[in-house]
Amino acid sequence: MMKTLLSIDGGGIRGIIPLVCLVRLESHLGGPCHEIFDMIGGTSTGAVIAAGLSLGVSARGLLALYKRFAQEAFHRLPWWQILYSLGNHRYSNDFVASTLDEIGADLPINSLPNDILITAKNTHTGRTDFFVRDHPGANASQWGKLSLKDAVLASIAAPTYFPAHSVTVSGVEHTWVDGGVGVAGNPCYQVAVEALHYSGGAYPEGDTRLYAFGTGRAPHAIDAERASFLGWALWTLDEILDDAAEWQTYVTRQEYNRTGRLAFRRYQIDLAQDVMRELGVDVPDGTDVGKLGLDAVWAVDLLEQIGRAFANKIDFDAADGFQLTTKTGW
């Protein structure tokens with residue numbers, strides 16, 4: 001029997017895009033995601049979505065929840081608090097924490113009905129930690145007793161946006177920030193590795209399918225002749241993070257899909273003006289869709305419109321997913 005995996009990228013409020021796609025996928029397959037997928041993985045906003053889906057919330061229900069997020073989770077702290085913390089974070093995670101309590105996320109990962117994988121960057125060790133069920137072996141997990149709520153709060157803690165999250169596990173204090181700090185902003189490869197190599201045979205090679213959803217990629221242009229030091233620094237950081245995400249897609253496709261070990265389907269869209277025109281999205285005058293940041297709460301309706309237009313282009317029965325880009329991809 002075919003096993004099915006789901007992976008969702010980080011991207012803040014742009015998580016609306018994959019959620020709209022998942023609403024359509026639930027309609028296409030005739031069931032909720034927690035029944036469709038055996039393992040659900042996510043980073044940052046993808047971790048929030050993974051948690052909600054694994055607890056039985058429908059994609060449509062999470063889409064409605066994200067509209068509340070836009071009003072509450074991204075409510076900026078008073079300027080003096082931001083100044084006092086030297087810009088450490090500009091938002092509180094209290095709303096996210098209370099919402100996770102509401103949906104029942106204060107459960108240990110070991111007790112969840114679906115397998116799950118959530119990523120976070122450990123500030124003590126410098127390593128990316130993968131929150132999954134406990135399992136034995138050389139790469140044994142130690143996080144199964146960690147609550148799903150703590151895992152999500154760790155994964156969403158984007159530096160300068162939300163505060164780092166600290167938990168004591170087996171007498172050792174750990175502090176984490178966003179799993180997208182590093183290479184796991186797109187966790188598709190990590191989900192594939194966890195399923196095929198550390199699940200004890202629960203996900204057999206050749207009989208496992210992976211759906212991986214992006215939150216929109218913003219092509220970055222720079223005037224190389226006139227760029228300032230700060231301009232180069234910001235451009236380089238953006239390119240490093242985007243290239244890391246794309247590389248996860250490439251490696252997963254090369255190592256698993258093209259060898260027949262995994263049926264891999266990737267869904268991603270470039271947030272670019274020509275792509276919006278192709279989709280027929282009505283972008284307000286003066287709006288640069290390439291600059292829709294993690295906290296672009298003003299763009300909730302626009303993001304939903306983009307998600308719907310993109311989802312309508314997707315053939316979920318196609319063998320290799322769908323990427324709508326401004327350039328030739330892999």
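**A guided reading of the chain**

Of the 330 residues in the chain, 52% are buried. The model is a predicted one, and the account below moves from the chain as a whole to its strands, helices and one loop residue.

The secondary structure consists of 11 helices and 9 strands. Along the principal axes, the C-alpha atoms fill a box of roughly 55 × 50 × 40 Å. The radius of gyration of the chain is 19 Å, which agrees with the value near 20 Å that a compact globule of 330 residues would have. Among contacts with a separation of 6 or more, 72% are between residues 24 or more positions apart. The accessible surface of the chain amounts to about 14800 Å², and carbon and sulfur atoms contribute 53% of that surface. The chain carries 26 positive and 38 negative charges, and the mean positions of the two sets lie 2 Å apart.

The strands may be taken next, beginning with β1. Strand β1 spans residues 3-8 and is mostly covered, with 5 of its 6 residues buried. It pairs with strand β7 (residues 208-213) in the parallel sense, over 6 bridges. Within this pairing, Thr-4 has Arg-209 of β7 as its bridge partner. Strand β1 is also joined to strand β2 (residues 39-43) by 4 bridges, and these strands run parallel. Here the bridge partner of Ile-8 is Gly-42 in β2. In a regular strand, side chains alternate between the two faces of the sheet.

From β7 the pairing can be followed to β8. Strands β7 and β8 run parallel and are joined by 5 bridges. Ala-212 stands opposite Arg-266, a residue of β8. Strand β8 covers residues 263-269, and because 6 of its 7 residues are buried, it is largely enclosed by the rest of the structure. The strands can therefore be traced in the order β2, β1, β7 and β8, through the parallel pairings of β2 with β1, β1 with β7 and β7 with β8.

Two helices deserve attention for their burial. Helix α3 (residues 45-54) has 10 of its 10 residues buried, so it is largely enclosed by the rest of the structure. The buried residues of α3 include Thr-45, Val-48, Ile-49, Leu-53 and Ser-54, as well as Gly-46 and Gly-52. After α3 comes Gly-56, which has a positive phi near 95°. Helix α8 (residues 188-197) is likewise largely enclosed by the rest of the structure, because 8 of its 10 residues are buried. Among the buried residues of α8 are Cys-188, Gln-190 and Glu-194, together with Val-191, Val-193 and Leu-196. An α-helix has 3.6 residues a turn, so residues three or four places apart point the same way.

The last stop is Ile-103, which is placed in the loop between α6 (94-102) and β3 (115-122). Is this residue buried or partly exposed? Because buried requires under 20% relative accessible area, Ile-103 at 25% relative accessibility counts as partly exposed. Apart from its neighbours within four places in sequence, Ile-103 is in contact with Gly-52, Leu-55 and Val-57. Of these contact partners, Gly-52 is one of the buried residues of α3. The C-alpha atom of Ile-103 is separated by 11 Å from that of Gly-61, although the two residues are 42 apart along the chain.

Conventions:
Residues are numbered from 1 along each chain as its sequence is written. This is a predicted model: local features need pLDDT of at least 70, side-chain atom pairs count only at pLDDT 80 or more; totals for chains, interfaces and linings use all residues. Side-chain values use heavy atoms; hydrogens and water are left out. Helices (H or I, at least four residues) and strands (E, at least two) are DSSP runs, numbered from the N terminus. The radius of gyration is taken over C-alpha atoms; the globule rule is 2.2 Å times the number of residues to the power 0.38. Buried means under 20% relative accessible area, exposed over 50%, partly exposed in between (1.4 Å probe, protein chains only). Contact means heavy atoms within 4.5 Å. Accessible areas come from the Shrake-Rupley method with a 1.4 Å probe; for residues, only the protein chains shown count as cover. Lys and Arg count as positive and Asp and Glu as negative; His and the chain ends are not counted. The place of a charge is taken as NZ of Lys, CZ of Arg, CG of Asp or CD of Glu. Two strands pair if DSSP finds at least two bridges between them.
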